[in-house]
Every structure is written in structure tokens, then in C-alpha cells.
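Please open the model in a viewer with the cartoon and the side chains available. The stops below give a selection to make and then describe what is found there.

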Amino acid sequence: MRAISIGMNVADIDTPALCLDIEVVEANIKRMAYYFRDSPVRLRPHSKKHKSPTLGHMQLEAGAIGITCAKLGEAEVMVAAGIKDVLIANQIVGPGKIARLVNLAAHSEVMVAVDDAANVANLNAAAEAKGIRLRTLIEVDIGMQRCGASPGQPVLHLAREILASPGLRFEGLMGYEGHAIFTEDIDERRTKTEESLKLLTDSAELLRQEDIPVGIVSGGGTGTYFITGAYPGITELQVGSYISMDSQYRQLPGVDFDNGLTVLVTVISTRDDDHAITDAGMKALTHDFGLPVVIDPPGWQLTDLAEEHGFLKRIDGPRLRPGDKVTIVPNHGCTTINLHDHYHVIRRGILEAVWPIAGRGKTY
Ligand SMILES: Cc1ncc(COP(=O)(O)O)c(C=O)c1O
């Protein structure tokens, strides 16, 4: 058990510790909500980043209409914590998972993405047996080449399958322009995003021409919120990372949210004045998108992560000694948060709360 007491100074927290600057998070939630205050576009923030019902409730209080999840297990966590309107922006396949999904839908407003006629038939059979109508969105592949039906006729065909399924309710379409989101140049990002979104909104129009009502047209991410959120025909955004950011997103031009996520680590050994080893390796920090960034003390750089060790190199910072604390910004918040049990919630340098990361590890 960690020795921890609410009200302690952040510098005294046992490490490695995932820390959340709650003032930054509150400001980011407010800023995104304010940006869309006069817009018809609604927010359904993706919880793949924070994995916390507590933070999900904060987003709902700020006006979000629901929460998005990547996984069924994450959706179960959100619903159990009282968040009813949840989009699983992924396909749920296989009898065991489909059974869990229809049981979840019996006491929530969960929606699921579909892109395959056989999956639609399986969902329908399970929903009918349960006596519910399961809400479905067709995922459209708008260029990312991940999941999704091809735009146009294949979407129309699938919509007809859903409409002919008494256990299912057709809610609309979703697409994700993930291939465009990290494009550095904003004009280029806008062009790629708009080309992708056209495939989505044209598919919605095709359905409407066939008298199929399309309520939801959902897309977007933190790197494109100002593009996708202004695109005609988009009704909802699935933005996720804006809530706490990370160093990769912080560097992306046009994304003006602050970083509120850090990992506090401790120096456990120093080879010489220019090298220090910390207690946080890749079981506490991820490097799938590149190495995390040292922000305190300045003048030090993380050069490698072993399993349980972080390698620091001095550029021009002060000398470090065993026991010194170092603050690091994760490069990829989503995968880093998933390694930790708790957020250490910090306000102005003081530990205000410890929140479980209830969706952590719910990859199933
Ligand atoms: C389906 C889907 N929607 C939205 C997002 C947006 O997330 P972010 O705001 O972190 O870019 C993601 C991120 O992976 C996603 O997979």
C-alpha cells in the first residue's frame, strides 16, 4: 500500500505516480464546451483517454450529451457509474460479448458501431431474445482503413439490414478521421479531414434520399475538433484527448488545450553528474508515440525506458541525486493512463483526491 494522505504536498507523493492537474482539466472541459456553446454540434467525449467515470460526469455536467468508449468493458464501467448514454465506437463481435452488450443495453442507452451484415444479424438475434431494441450506428471507413463499411451503397445496404431487424434501432453514422488528425500543417489537415467527412455526410445524404432518417452523424478528435465541428452535417464530436492532453498532442499546431497530465518519478541512482536513473520504466510510462518529456527539473532529457527504469541525461539542468523527484509528461496519455490504478488529483501543488481509473485494463 502507498503511504498517502489527502492534503499532502505533491512532492511527497510516493512514486511513480500519475498526477492530474485538476485546474487544467476543469479549464479544458470548460473551453471545449464553450467553443461549441452556440453550435448545433454536440459533444460525446471519448473516454479512451481518461477511463474515469468521475471525469465523464464532469464532461456531462459541462453539457456533453453522452460518453464514447472504445471497449465494451469500458462501457460497462461507465454505465455502472451512472452514465447511461454511451457510444461504443467499435464493433462487438462473438456470442459472449454480444450477450454482455444486450444485457448492458437492458439498463442503459448504450449504442454500438456496426460495419458487417452478419454481425447485424447476430446483434439482432440477441437483442430480440433479450426483448430490447439495441441502438446501432453504422461505422463508415472515411479513409483511415481501420473498421467501417465503405461509403455510399455499402452503407445503404447495411442500413436496410438494420431497418429490417426488429431488435435493432438505426441511429445514424459515425466515422473517424484518425489518419488526418496528426497532420502538422493545419491547411493540409483541414483538406484531408474535409475530404474524409464528405464521404460520411454524402453517405448520410444517400440514406436520406431513400427516406431513411439519419439522426446522428458523429466523428472528430482533438486534432480536428475545430474542423469537424464546423463541417456541415456533423451532429456530434467524439473528442477525447483534449481533457488532459499529452506531449504529443501539445505539440500539434492548432490544438490550444493545456497539459494536465504528468507522471512523478524518483531518481534512484546516478552514474555521474550527467546521468540519472528513475523508478519509472515502461510499466509506468509508454513510448509507443515517442519518449515522454521531462519538464521539471528543466535541462534533463529522458533517453530510454527499460522495464522498471527510466534513463535521464543532463543537458544543462541542475545535478540530480537519489531521492530527487522528476516530473514527466507522457507522450501518449491513453496508453500511459492505462498502466495506472489511480489519478493523484492535484490542485495548486496539493493532493486533493485519489480517483480510481476504473476503465483501466478493460480491453475486453
Ligand atoms: C473512434 C475514435 N473517435 C475519436 C477519437 C478521438 O480521440 P482524440 O480526441 O484523443 O484524438 C479516437 C481516438 O483514437 C477514436 O478511436
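**First stop: a loop residue**

Select Arg 348, which is placed in the loop between strand S16 (342-347) and strand S17 (350-356). The model is a predicted one, and the values quoted on this tour are computed from it. The phi angle of Arg 348 is near 50 degrees, a positive value in a residue other than glycine. Most residues other than glycine have a negative phi. With a relative accessibility of 69%, Arg 348 counts as exposed, because the cut-off for that class is over 50%.

Next, select Gln 145, in the loop between strand S6 (134-139) and helix H6 (153-163). Its phi is near 60 degrees, again a positive value in a residue other than glycine. Gln 145 also counts as exposed, at 71% relative accessibility.

**Second stop: two cis peptide bonds**

Display the backbone around Thr 15 and Pro 16. The peptide bond from Thr 15 to Pro 16 is cis, and its omega is near -5 degrees. Pro 16 belongs to the segment before strand S1 (17-21).

Move then to Asp 296 and Pro 297, where the connecting peptide bond is cis with omega near 0 degrees. Pro 297 sits in the loop between S12 and strand S13 (300-305). Most peptide bonds are trans.

**Third stop: the pair H1 and H2**

Select helix H1 (residues 22-35) together with helix H2 (residues 53-61). Their axes come within 10 Å and cross at roughly 40 degrees. H1 is therefore oblique to H2. The crossing in which H1 passes H2 is right-handed.

Which residues meet where H1 touches H2? Show side chains for Ile 22, Val 25, Glu 26 and Ile 29 on H1, and for Leu 55, Met 58 and Gln 59 on H2; these are the residues in contact. By class, the contact of H1 with H2 is made up of five nonpolar residues, one polar and one charged.

**Fourth stop: the parallel sheet**

Colour the strands S2 to S9. Eight strands form an open sheet, with parallel pairing, in the order S2-S9-S8-S7-S6-S5-S4-S3. Strand S2 (42-43) and strand S3 (67-69) stand at the edges; each has a single partner strand, so one side of each lacks a neighbour in the sheet.

Add helix H3 (residues 72-80) to the selection. H3 packs on the sheet, where it touches S3 and strand S4 (86-88). The direction of H3 makes about 175 degrees with that of S4.

Within the same sheet, select strand S5 (residues 111-114) and S6, which pair in the parallel sense over four bridges. One position to label is Ala 113, whose bridge partner in S6 is Leu 137.

**Fifth stop: a threonine in H7**

Select Thr 201, in helix H7 (residues 186-209). Is this residue buried or exposed? Thr 201 is buried, because its relative accessible area of 11% falls under the 20% limit.

Show the surroundings of this side chain and leave aside its neighbours within four places in sequence. Thr 201 is then in contact with Val 217, Tyr 231, Pro 232, Gly 233 and Ile 234.

**Sixth stop: S15 and its partners**

Select strand S15 (residues 325-329). Four of its five residues are buried, so S15 is largely enclosed by the rest of the structure.

Add strand S10 (residues 261-272), which is joined to S15 by four bridges and runs antiparallel to it. Here Leu 264 stands opposite Thr 327 in S15. Then add strand S12 (residues 293-296), which is antiparallel to S15 and connected with it by three bridges. Val 294 has Ile 328 of S15 as its bridge partner.

**Last stop: the loop before S15**

Finish at Ile 315, in the loop between strand S14 (310-314) and S15. At 52% relative accessibility, Ile 315 counts as exposed. Not counting residues up to four places away in sequence, Ile 315 touches Gly 299, Trp 300 and Gln 301.

Finally, draw a distance between the C-alpha atoms of Ile 315 and Asp 274. These two residues are 41 residues apart along the chain, and their C-alpha atoms are separated by 7.7 Å.

Definitions and conventions
Residues are numbered from 1 along each chain as its sequence is written. This is a predicted model: local features need pLDDT of at least 70, side-chain atom pairs count only at pLDDT 80 or more; totals for chains, interfaces and linings use all residues. Side-chain values use heavy atoms; hydrogens and water are left out. Axes are lines fitted to C-alpha atoms, for helices over the stretch in contact, and angles run from 0 to 180 degrees between N-to-C directions. Helices (H or I, at least four residues) and strands (E, at least two) are DSSP runs, numbered from the N terminus. Angles under 35 degrees count as roughly parallel, over 145 as roughly antiparallel, 65 to 115 as roughly perpendicular and the rest as oblique. A crossing is left-handed if the near helix is turned anticlockwise from the far one by less than a right angle, and right-handed if clockwise. Contact means heavy atoms within 4.5 Å. Ala, Val, Leu, Ile, Met, Phe, Trp, Tyr, Cys and Pro count as nonpolar, Asp, Glu, Lys and Arg as charged, and the others, Gly among them, as polar. Buried means under 20% relative accessible area, exposed over 50%, partly exposed in between (1.4 Å probe, protein chains only). Two strands pair if DSSP finds at least two bridges between them.
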